[in-house]
Amino acid sequence: MTYFRYVEDVASVNQCNTQRWIKTLQGFIAGVQCFGGEVPFFFWSGWIMKRLGHLNCMSLILGVFAFKFFAYSIVTNPIWALVIELTNGITFGLAYAVLMSYSSILALPGSESTMIGLVGGVFEGIGKYFNLLINVLI
């Protein structure tokens, strides 16, 4: 949800923060993140991992993250966040599936569930903790 704060910052720089459509845009961004990005890539992640392999998928994910952050650094109109957030499928949906699949492969026989739980907890838990910490400090 840190993107919402960024969208508000871009909107305030462009003097459009008094307009009511900025909250509507944030809702559309959440919808695009989920239904335009994550859901399709959760569905296609197995096929993509079979074709590219785990290591190449992680390289793709990092490359898309770099593109996404670069695009957000040059955006001047908040409406472009809708287009940029289509990449959320790769940066979250595919990344989560690759991490879970790879942790299952690396786990010792009989400990797959424990390993997946630990990796999932680290991926979700620590990231949310740091996000909360950053939001409190800002």
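This briefing looks at one histidine and at a group of aromatic rings. The model is predicted. H54 sits in helix α3, while F92 and Y96 sit in helix α5. H54 is buried. F92 is partly exposed, and Y96 is partly exposed too.

**H54 and its surroundings**

- Helix α3 covers residues 54-74, and H54 is part of it.
- The relative accessible area of H54 is 19%. Buried means under 20%, so H54 counts as buried.
- The side chain of H54 makes a polar contact with the side chain of S101. The distance of this polar contact is 2.8 Å.
- Setting aside neighbours within four places in sequence, H54 is in contact with M49, V98, S101, Y102 and I105.
- S101 therefore appears both in the polar contact with H54 and in the list of H54 contacts.

**The aromatic rings**

- The structure holds 5 aromatic pairs. One of them joins F92 and Y96, and this pair is stacked.
- A pair of aromatic rings is described by the distance of the centres and the angle of the planes.
- For F92 and Y96, the centre to centre distance is 5.7 Å. The angle between the planes is 25°. Planes under 30 degrees apart count as stacked, so this pair earns that label.
- F42 joins F92 and Y96 in one aromatic cluster.

**Where F92 and Y96 sit**

- Both residues lie in helix α5, which spans residues 88-106.
- F92 and Y96 are 4 residues apart, about one turn of the helix.
- F92 has a relative accessible area of 23%. Y96 also has 23% relative accessibility. Partly exposed runs between the buried limit of 20% and the exposed limit of 50%, so both residues fall there.

Notes:
Residues numbered from 1 in each chain as written. Predicted model: local features only at pLDDT ≥ 70, side-chain atom pairs only at ≥ 80, totals over all residues. Heavy atoms only, no water. Helix = DSSP H or I, 4+ residues; strand = E, 2+ residues; numbered from the N terminus. Buried < 20%, exposed > 50% of the residue type's maximum accessible area, 1.4 Å probe, protein only. Polar contact = N/O pair within 3.5 Å; in protein donor to acceptor, adjacent residues only side chain to side chain. Contact = heavy atoms within 4.5 Å. Phe/Tyr/Trp six-rings, centres within 6.5 Å; stacked < 30°, edge-to-face > 60°.
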